[in-house]
Amino acid sequence: MSTTQPLRSLDISNINPHVKAAKYAVRGELAVRSEEYRAKLNKGDGQGLPFDTVISANIGNPQQLDQKPITFFRQVASLLENPTLLEHEQVLVDSLGYKSDVVARAQKLLKEVKSVGAYSQSQGAPGIRESVASFIERRDGYPSSPKDVYLSNGASSGVNTLMHVICAKPETGVLIPIPQYPLYTATLAVLDARVVPYYLEESQAWGTDLKGIREAYDKAVAEGTEVKAIAVINPGNPTGASLPAADIKAVLEFAAEKHLVVIADEVYQTNVFLGEFISFKKALRDLQKEQPGKFDSLELASLHSISKGMVGECGHRGGYFELVGFDPEVAAEIYKFISIQLCPPVMGQCFVELMVNPPKEGEPSHEVYKREYDGIFNGLKERAYALYEAFKQMEGVECQEPAGSMYLFPTITMPPKAIEQAKKEGRQPDEFYCFRMLDATGVCVVAGSGFGQKEGTLHFRTTFLAPGTDWTGRIVKFHKDFMDEFRS
């Protein structure tokens with residue numbers, strides 16, 4: 001009797017090579033090891049570990065790190081999930097702390113979607129798209145049309161849709177900021193398209209550098225790449241930068257000159273600590289008003305999400321993108337592409353509506369909403385600056401002042417002996433540093449090499465979502481011990 005194992009259809013040598021080529025560091029090997037440590041601690045098997053908690057500072061996942069959901073959002077959601085509760089409105093209001101505007105909003109959304117268990121239109125429920133368009137108008141002071149708004153399964157799904165439509169052949173290139181959120185390079189790898197990296201200027205608070213963008217574009221074109229789009233993440237991930245108006249306008253002017261689609265990833269637009277958020281849509285409309293005709297054919301896709309900001313509802317997978325200046329036939333193909341995926345999660349769509357249309361002043365839920373929203377914002381800012389101050393104490397570490405998003409991206413200068421040891425272990429130096437940090441402190445961060453960085457520089461990205469500041473002390477102590485161990 002034969003003991004030969006039956007051959008499988010798939011093995012690592014014959015699956016899609018573009019999937020194998022994709023890299024996604026924020027959920028990579030460091031994250032896997034941190035979850036192994038967490039599981040040990042949960043089972044009570046962590047006696048040999050030098051820490052008693054794992055801090056997941058590797059991904060912007062606010063509610064995993066104890067950010068409390070906004071009460072208004074979750075109360076409405078509970079009624080959407082179980083509409084029979086609406087038959088007991090008096091009990092909800094008198095005994096369970098629900099306000100009348102919670103009940104009214106749930107009734108309005110149920111009238112729109114019928115049931116959160118039903119499919120919606122592929123583009124998203126029309127009434128919710130109307131709410132998004134109204135929000136964009138209030139934010140920017142320029143009109144927005146619901147027909148140009150596409151609800152999505154988080155902003156990531158919107159990026160995926162746009163990249164699929166833009167990347168027509170292997171020679172297609174997209175300008176990507178470096179350092180970048182690896183969704184962009186991973187998606188381009190899967191699509192067998194080309195990343196055209198342009199470097200952000202760390203010395204200028206991680207701003208865009210038009211000269212660098214132009215050089216990256218010219219080099220790519222000379223190599224036979226057909227550059228079709230430029231992506232900008234503002235506020236920045238992983239850098240924490242918040243772009244000034246001049247940077248935004250410079251990108252739009254370059255895109256108009258070279259006929260590039262602008263993909264504006266604006267998911268951190270409420271996470272701004274320095275300056276103010278200026279949307280690419282507003283900047284474009286301002287330019288069109290100042291210079292009639294020049295920007296009329298510029299294509300802009302702007303993305304937003306419920307996953308970040310003070311909402312932090314990552315698991316509910318809601319977002320949207322707005323198209324400006326796209327050919328109607330191309331927009332029809334985008335609609336077809338999203339139709340293949342049926343529709344975004346309907347509960348996620350409802351959370352988008354709540355994000356863009358929260359309780360207003362004078363409404364029953366406004367006071368609690370405002371208190372919770374401001375509390376989350378101030379807590380994030382406080383922890384960002386506590387971490388920033390900690391980095392300033394650390395030898396060989398430099399960090400830009402927190403400006404926006406949920407991240408800091410400090411530079412680290414490592415001793416030569418540490419770099420030698422990293423080589424012996426077959427790791428990038430910053431990756432080696434991050435593994436040592438995790439093993440010593442339970443704090444999981446991501447090596448800068450996972451996002452891209454200028455040659456000869458080393459970084460790591462950390463969120464500042466975890467409550468308290470005890471864990472920042474762990475990093476300071478680890479860094480001192482690390483530097484002492486490898487000092488020449």
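# Why these labels? Strands, crossings and rings

Student: What makes S10 and S14 count as paired here?
Tutor: This is a predicted model, and in it S10 and strand S14 (residues 460-463) share two bridges in the antiparallel sense. The cut-off for a pair is at least two bridges, so these strands qualify.

Student: Which residue in S14 is the bridge partner of Leu 408?
Tutor: That's Thr 462.

Student: Why are S10 and S13 said to stand at the edges?
Tutor: The order of this open, three-stranded sheet is S10-S14-S13, with antiparallel pairing. Strand S10 (407-408) and strand S13 (446-447) have a single partner strand each, so each has one side without a neighbour in the sheet.

Student: And in the sheet of seven strands, what is the order and what kind of pairing is there?
Tutor: Reading across, S2-S8-S7-S6-S5-S3-S4; the sheet is open and the pairing is mixed. Strand S2 (149-152) and strand S4 (194-199) are the edge strands, because each has a single partner strand and one side left without a neighbour. On average, neighbouring strands of this sheet are turned by 20 degrees against each other, direction ignored.

Student: How do you know that S2 and S8 pair?
Tutor: S2 and strand S8 (residues 319-324) have four bridges, antiparallel in sense. The requirement is at least two, so they count as a pair. One of the bridges joins Ser 152 to Gly 319 in S8.

Student: Which strands does H7 lie across?
Tutor: Helix H7 (residues 154-166) lies across S2, strand S3 (172-178), strand S5 (226-233), strand S6 (261-265), strand S7 (300-305) and S8, and runs at about 155 degrees to S7.

Student: Why are H7 and H8 called oblique?
Tutor: Their axes come within 10 Å and cross at roughly 40 degrees. Roughly parallel needs an angle under 35 degrees and roughly perpendicular starts at 65, so what lies between them is oblique. H7 and H8 are therefore oblique to each other, and the crossing is right-handed.

Student: Which residues meet there, and how do they divide by class?
Tutor: Ser 156, Val 159, Asn 160 and Met 163 of H7 meet Leu 183, Tyr 184, Thr 187 and Leu 188 of H8. By class, that contact has five nonpolar, three polar and no charged residues.

Student: What makes H5 and H13 oblique?
Tutor: Helix H5 (residues 100-113) packs on helix H13 (residues 346-356) at about 135 degrees, with the axes 11 Å apart. Roughly perpendicular ends at 115 and roughly antiparallel needs over 145, so oblique is the label left. That is why H5 and H13 are oblique to each other. The contact is made by Arg 105, Lys 108, Leu 109 and Val 113 of H5 with Val 346, Cys 350, Glu 353 and Leu 354 of H13. These residues divide into five nonpolar, no polar and three charged.

Student: Why are H5 and H6 given the oblique label?
Tutor: H5 and helix H6 (residues 126-140) pack at about 125 degrees, axes 8 Å apart. The value is over 115 but not over 145, so oblique applies. Leu 109, Glu 112 and Val 113 of H5 make the contact with Pro 126, Gly 127 and Ile 128 of H6.

Student: How many aromatic pairs does the structure hold?
Tutor: There are 19 aromatic pairs. Among them, Tyr 217 and Phe 254 are 5.6 Å centre to centre with 90 degrees between the planes. Centres within 6.5 Å make a pair and planes over 60 degrees apart make it edge-to-face, so both tests are met. Tyr 217 lies in helix H9 (residues 210-222) and Phe 254 in helix H10 (residues 245-258), 37 residues apart.

Notes: Residues are numbered from 1 along each chain as its sequence is written. This is a predicted model: local features need pLDDT of at least 70, side-chain atom pairs count only at pLDDT 80 or more; totals for chains, interfaces and linings use all residues. Side-chain values use heavy atoms; hydrogens and water are left out. Axes are lines fitted to C-alpha atoms, for helices over the stretch in contact, and angles run from 0 to 180 degrees between N-to-C directions. Contact means heavy atoms within 4.5 Å. Ala, Val, Leu, Ile, Met, Phe, Trp, Tyr, Cys and Pro count as nonpolar, Asp, Glu, Lys and Arg as charged, and the others, Gly among them, as polar. Rings of Phe, Tyr and Trp (its six-membered ring) pair if their centres lie within 6.5 Å; planes under 30 degrees apart count as stacked, over 60 as edge-to-face and the rest as tilted. A crossing is left-handed if the near helix is turned anticlockwise from the far one by less than a right angle, and right-handed if clockwise.
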